[in-house]
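Hi,

Here is the structure I promised to pass on to you. Have a look at it first, and then read on for what turned up.

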Amino acid sequence: RELLSSDAMKDYNRARVYLDENYKSQEHFTALGSFYFLHESLKNIYQFDFKAKKYKKVTGKEIYSDTLESTPMLEKEKFPQDYFPECKWSRKGFIRTRWCITDCAFDLVNIHLFHDASNLIAWETSPSVYSGIRHKALGYVLDRIIDQRFEKVSYFVFGDFNFRLDAKAVVETLCAKATMQTIRAADTNEVVKLIFRESDNDRKVMLQLEKKLFDYFNQDVFRDNNGTALLEFDRELSVFKDKLYELDISFPPSYPYSEDSSQGKQYMNTRCPAWCDRILMSHSAKELILKVKNDEKIVIYDHIGPNVCMGDHKPVFLSFRIAAGAGKPIANVHKCCVVQ
């Protein structure tokens, strides 16, 4: 409410805020939230009512919280429990809203996919078992937003996808000249720690790997040139290349940052840094984005606050203009060329 009434937002005269705060509901709680602020310069904005199956003009500022099940202006789902049985009470799911700006309709889908529960299990296979779970969940979302219940429109899917680098390939690359020591629990013989040491150089420890420890001796590899050298191991999206498009990544891995307020650039040594936070879109949505003209950078895909601590994730944003006439396939075609 402070944000809605702040000077910084005074030119945004309409807003819709959705916060899933019904944390007592094991069946429905997702912990997701979406804030939409609409600038006064936008004249005709409509939001879709999924129950009535029609658009309604957006006026005023409205906040929905506690439970979102009662509003027909969004679709919200939590993934089935059997998707990630390791977690007794998962909060993963998605929230979908649909908008129309001057005849251009699109879905905005806020998503949270499953994490890696153990670095050791993620390291065992390539791709990891967790990668497969995320593929299943993302496929579920895409099937829902393009099913037959509503007209198909362009869509943007954003949030914490929890996409991870191919752990086995990354470790084998980072520790190519190292020897591995395996440490097992005395009572169960279960692997509890892997230690990678340089073959020479006094057997210096390069990497220690545990269930929730990824302690690599040189974090610069994840920051130098925005971690570009590691992008080849970011492979989870390749399965969906026919359905989803992403602009080129030019920012460092967005997770897991230190939560020490004085360590804005520092990664925690709990997980291998990865581009968990993304903004993806349908191929038709890509066509809505205005192309770059006269070398002006109109489309920007980047992260926020590279030096500022704001939790274990760095926020990621996509800034763009929608092309005039987008959403109107015959807008720029002379009438004599249109088949009635």
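Let me begin with a small puzzle: which residues does Ser128 touch, not counting residues up to four places away in sequence? They are Ala122 and Arg134. Ser128 sits in the loop between H1 and helix H2 (129–145). Its relative accessible area is 13%, and because buried means under 20%, Ser128 counts as buried.

Before going further, please keep in mind that this is a predicted model.

**The chain as a whole**

The secondary structure comes to 5 helices and 16 strands. The C-alpha trace spans about 75 × 50 × 45 Å along its principal axes. Of the 340 residues in the chain, 45% are buried. As for contacts between residues at least 6 apart in sequence, 63% of them join residues at least 24 apart.

**A three-stranded sheet**

One open sheet is built from 3 strands in the order S2-S1-S5, with mixed pairing. Strand S2 (33–39) and strand S5 (61–64) each have a single partner strand and stand at the edges, so one side of each is left without a neighbour in the sheet. On average, and with direction ignored, neighbouring strands here are turned by 10° against each other.

Strand S1 (residues 12–19) and S2 run antiparallel and are joined by 7 bridges. If you want a spot to check by eye, Leu19 has Gly33 in S2 as its bridge partner.

**The largest pocket**

S2 turns up again in the largest pocket, which has a volume of about 1500 Å³. There are 46 lining residues, and the closest to the pocket's centre are Phe35, Tyr36, Leu108, Leu318 and Phe320. S2 supplies the largest share of this lining, 7 residues. Several strands each supply at least two lining residues, among them S2, strand S7 (93–101), strand S8 (104–112) and strand S9 (154–160). Strand S14 (277–281) and strand S16 (316–319) also each supply at least two. Sorted by class, the lining has 30 nonpolar, 10 polar and 6 charged residues.

**Strand S6 and its partner**

S7 also pairs with strand S6: the two run antiparallel, with 4 bridges joining them. Within that pairing, Lys76 has Ile95 in S7 as its bridge partner. Do take a look at the side chains of S6 (residues 75–78). Glu75 and Glu77 point one way from the strand, while Lys76 and Lys78 point the other way, and all are buried.

**The second largest pocket**

How much space lies in the second largest pocket? About 240 Å³. Its lining is made of 13 residues, and Ser118, Leu120, Ile121, Glu190 and Val191 lie nearest the centre. Helix H1 (119–124) and strand S11 (191–198) each supply at least two of the lining residues. The most comes from H1, with 4 residues. By class, this lining has 7 nonpolar, 2 polar and 4 charged residues.

**The cavity**

H1 has a part in the cavity too. The structure holds 1 cavity of 30 Å³ or more, and about 120 Å³ of space lies in the largest cavity. It is lined by 13 residues, with Asp116, Asn119, Ala122, Ala167 and Cys272 nearest its centre. You met Ala122 earlier as one of the residues that Ser128 touches. H1 gives the most to the cavity lining, with 3 residues. The classes here come to 9 nonpolar, 1 polar and 3 charged residues.

**Helix H3**

Last stop: which residues are buried in helix H3 (residues 167–174)? They are Ala169, Val170, Val171 and Leu174. An α-helix has 3.6 residues a turn, so residues three or four places apart point the same way. The buried residues of H3 pack against H1 and S11, and also against strand S12 (205–210), strand S13 (213–216) and helix H4 (220–223). H1 and S11 are the elements that each supply at least two residues to the lining of the second largest pocket, which makes that corner a pleasant place to start browsing.

Happy exploring, and best wishes!

Notes. Residues are numbered from 1 along each chain as its sequence is written. This is a predicted model: local features need pLDDT of at least 70, side-chain atom pairs count only at pLDDT 80 or more; totals for chains, interfaces and linings use all residues. Side-chain values use heavy atoms; hydrogens and water are left out. Two strands pair if DSSP finds at least two bridges between them. Axes are lines fitted to C-alpha atoms, for helices over the stretch in contact, and angles run from 0 to 180 degrees between N-to-C directions. On a 1 Å grid over the protein atoms alone, a cavity is a set of points where a 1.4 Å probe fits but cannot get out, and a pocket is an open set with protein on both sides within 12 Å along at least five of seven lines; lining residues have an atom within 4 Å of a point. Grid points are joined across faces, edges and corners, and a volume is the space filled by probe spheres set on the points. Ala, Val, Leu, Ile, Met, Phe, Trp, Tyr, Cys and Pro count as nonpolar, Asp, Glu, Lys and Arg as charged, and the others, Gly among them, as polar. Buried means under 20% relative accessible area, exposed over 50%, partly exposed in between (1.4 Å probe, protein chains only). Contact means heavy atoms within 4.5 Å.
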